[in-house]
Amino acid sequence: MIATEIKKGIYWVGAIDWGLRSFHGYTTSRGSTYNAYLIIDEKITLIDNVKVGFTEEIISRISSVIDPSKIDIIISNHGEPDHSGSLPAILKLAPNAKVYTAGPIGAKILKAQYGEMDLIPVKSGDKISIGKRNLIFNLAPMVHWPDNMVTYCPEEKILFSNDIFGQHFATSKRFDSEVDLALALEEAKQYYANIVLPYTKQANKINEVVKGLDIEMIANSHGVIWREHVSEILNLYDDLINSKKKEKAVVIYDSMWGNTKQMAQTIAETFRNLGIEVFLTRVDETPNSLLITEIMDSKYVAVGSSTLNNNMLPPIAGFLCYMKGLAPVNLKYISFGSYGWGGQSIEQVDNELKSMKLEQLLPPIKQYYTPSKEDLKNLEQQIINVFK
Ligand code: FEO
């Protein structure tokens, strides 16, 4: 396997995970890449590494440029195993390499996973010279782990951004200009919704730092490298960080005998008739990761569940658990559902949405068994009244 030169003397030496379909619950239908970068300078420098299982791939790519034992410096921008899993194997080959981590927490996280090792924690603004080039570190805690940081090379105008600006997108191409831009941006948006969204405040801080840098290339740790479309990805992050919303409603339901489905269809059609864009789905028809992406830029969400054994249906519970963790904001909600006996599911859904600090658009809408035409008309009217 060979490296790809991304700029004179700087190589992509990562791995392509074509078969990845789930990243702890995030459905990664296009797989992913684990990007690592090798800089040939007076000090041979490796920035990040790859997931266990791909160690042979990174070593092979490094070896296509230089003997791995010659690595002098390893930068660990982030300790999550997709970027640190090969560190022990690389250190065996280059035992004298100095490893720089994102502050003491970066060192702690690496040691907790791989055992005692000599590490050099850095802080924001620290700079090291690797020869003709310098590397400047900026810590980005909680985007999305306590130990994230970005590394900037001013001579090359490259930001090695690690997770931020990434996409779970396996491709044989390395650059944004070589793939469909809309697809790369869509994957970046999905990545934000599923990885960065709960840490938007922290993302804003590092985004402001990044905007102050002179950048020609963003060499992130997943997906394609931003080279031709740096301004597009920065603009997308601006919109996402500022929670830019559409007049859009996402209607999600699960239904035992089609009654809650009828309510969902009526709610969706009412929003549509009000001129509001709609995304309607039974919860198991769409992966949670796509649902949260749809919700992220919507103003409204409606969640419905029939009652089964005094509870909401398990697929709705799973979705709400996923949604809660990602903490979408500036969202108004409706809870609804049909029931035969207790009807506890509707209050349960409502309480879950309330606990996410979302704004209730209507009191919970409960339907006893099958909605009549009049019931559906009444449901429609309740929504229309809210927008009058
Ligand atoms: Fe791509 Fe947080 O690891």
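This passage walks through the main pocket, the nonpolar cores and one tryptophan of a predicted model.

Start with the open space. The largest pocket holds about 270 Å³, and 17 residues line it, with Met256, Trp257, Thr307, Tyr339 and Gly340 closest to its centre. Helix 8 (259-273), strand 20 (307-308) and strand 22 (332-339) each contribute at least two residues to the lining. As for chemistry, that lining is made up of 11 polar and 6 nonpolar residues, with no charged ones.

Next, the packing. The largest nonpolar core counts 82 residues, and Ile71, Phe165, Leu320 and Met323 are the ones that touch the most other members. This core lies between domain 1 (4-241) and domain 2 (247-386), because both of them give residues to it. Apart from it sits another core, this one of 25 residues, including Leu135, Phe137, Met149 and Met217. As a rule, nonpolar side chains in soluble globular proteins tend to end up buried together. Back in the 82-residue core, Met323 has plenty to lean on: setting aside neighbours within four places in sequence, its contacts are Ile292, Ile295, Val301, Pro328, Leu331, Leu353, Met356 and Leu358.

Finally, there is Trp145, found in the loop that runs between strand 13 (134-139) and strand 14 (149-153). Is Trp145 buried or exposed? Neither label quite fits: with a relative accessible area of 24%, Trp145 is partly exposed, since buried would call for under 20% and exposed for over 50%. Outside its neighbours within four places in sequence, Trp145 is in contact with His78, Gly79, Glu80, Pro81, Ile109 and Ala140. Asp297, 152 residues away along the chain, has its C-alpha atom 24 Å from that of Trp145.

Methods:
Residues are numbered from 1 along each chain as its sequence is written. This is a predicted model: local features need pLDDT of at least 70, side-chain atom pairs count only at pLDDT 80 or more; totals for chains, interfaces and linings use all residues. Side-chain values use heavy atoms; hydrogens and water are left out. On a 1 Å grid over the protein atoms alone, a cavity is a set of points where a 1.4 Å probe fits but cannot get out, and a pocket is an open set with protein on both sides within 12 Å along at least five of seven lines; lining residues have an atom within 4 Å of a point. Grid points are joined across faces, edges and corners, and a volume is the space filled by probe spheres set on the points. Helices (H or I, at least four residues) and strands (E, at least two) are DSSP runs, numbered from the N terminus. Ala, Val, Leu, Ile, Met, Phe, Trp, Tyr, Cys and Pro count as nonpolar, Asp, Glu, Lys and Arg as charged, and the others, Gly among them, as polar. A nonpolar core is a set of buried Ala, Val, Leu, Ile, Met, Phe, Trp, Tyr and Cys residues joined through side-chain atoms within 4.5 Å. Buried means under 20% relative accessible area, exposed over 50%, partly exposed in between (1.4 Å probe, protein chains only). Domain bounds come from an automatic or database domain assignment. Contact means heavy atoms within 4.5 Å.
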